[in-house]
Amino acid sequence: MVVTVDRIAQWKQTGKPVQPLAVLTAWDVISGQIVDQAGADIVLVGDSLAMVALGYDTTLPLSLEEMLICAKAVRRGVKKALLVVDLPFLSYQPSRVEAIHAAGRVLKETGAQAVKLEGGHGAVVERVQDLVQWGIPVMGHVGLTPQSVNQLGGFRQQGQSAAAADRILTEAQALEQAGAFAIVLEHIPAELAGTITKALKIPTIGIGAGIHCDGQVLVTADVLGLSVWQPPFAKVYAQLRQQAIAAAQQFCGEVRAGQFPN
Ligand code: KIV
């Protein structure tokens, strides 16, 4: 069955017990095909692709144009899952008009069904309201928001003090009120994620946020063991980087030895 925004938004309002949502990232057609065929409910073209696929040190340098190219490629590989695309840093922050243009381009040019943007303070909540009002579904993202890495002082766990935890809960509630259909909770204590999950009607999707969320997301390059480094909360399910290097080495060796083609 094809996954829709509406189905995700209603995920935990059916009154019946529901399975947690499985969400994976993708950055090109092959990764899109892999996670879609694996049965992910949502495929996220996360701006982590800035680091995973384009080799930047953070997500900040990623442009909207680069994101559009990657998202179009992922779209060609995803047939069933809901496709959500991150709005890159500074494509939505400067003004309401820029946010609508950036999100509109993502939907029009890539065929994605929704966008994700980071943060839960006043201006972001206003952007979410605007986009939803114009028919653009939005996924929120609070806790560790990598686009604010310089302000957060690194990729550290957020929400450790009572005041910080309260702020993240308030942000999540404001995003729900603004019309977000789901929300990512990144790198916050499991207990806080549980409190937010109970307080919201829309599903929470955790990454490094413990077991109490309504779904879980990981960066696919980490899951497959393709990335050089993985965050402490990631689980590596395969060692494809090592296998790929070994396969490529075997090819080089066989060519040099005159064994391929034979
Ligand atoms: O950019 C990304 O891949 C993300 C996920 C880690 C949630 O935002």
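This is a short talk on the overall build of one protein and on how two of its helices meet.

Okay, so before anything else, keep in mind that what you're looking at is a predicted model.

Let's start with the whole thing. The protein contains eleven helices and eight strands. If you lay a box along the principal axes, the C-alpha atoms fill roughly 65 × 40 × 35 Å. How does the radius of gyration sit against that of a compact globule? For 262 residues you'd expect a value near 18 Å, and the protein comes in at 19 Å, so the two agree. As for the inside, 49% of the 262 residues are buried.

Now, contacts along the chain. Take the ones between residues at least 6 apart in sequence: 58% of those join residues at least 24 apart.

Right, on to the helix pair I wanted to show you. Find α4, residues 64-77, and α5, residues 96-110. Their axes come within 9 Å and cross at roughly 30°. Angles under 35 degrees count as roughly parallel, so α4 and α5 are roughly parallel to each other. And the crossing of α4 past α5 is right-handed.

Which residues make that contact? From α4 you've got Leu64, Glu65, Leu68, Ala71, Lys72 and Arg75. On the α5 side, look for Ala102, Arg105, Val106, Glu109 and Thr110. What's the mix by class? The contact of α4 with α5 has five nonpolar residues and five charged ones, plus one polar.

That's the tour, so go ahead and click on those helices yourselves.

Notes. Residues are numbered from 1 along each chain as its sequence is written. This is a predicted model: local features need pLDDT of at least 70, side-chain atom pairs count only at pLDDT 80 or more; totals for chains, interfaces and linings use all residues. Side-chain values use heavy atoms; hydrogens and water are left out. Axes are lines fitted to C-alpha atoms, for helices over the stretch in contact, and angles run from 0 to 180 degrees between N-to-C directions. Helices (H or I, at least four residues) and strands (E, at least two) are DSSP runs, numbered from the N terminus. Angles under 35 degrees count as roughly parallel, over 145 as roughly antiparallel, 65 to 115 as roughly perpendicular and the rest as oblique. A crossing is left-handed if the near helix is turned anticlockwise from the far one by less than a right angle, and right-handed if clockwise. Contact means heavy atoms within 4.5 Å. Ala, Val, Leu, Ile, Met, Phe, Trp, Tyr, Cys and Pro count as nonpolar, Asp, Glu, Lys and Arg as charged, and the others, Gly among them, as polar. The radius of gyration is taken over C-alpha atoms; the globule rule is 2.2 Å times the number of residues to the power 0.38. Buried means under 20% relative accessible area, exposed over 50%, partly exposed in between (1.4 Å probe, protein chains only).
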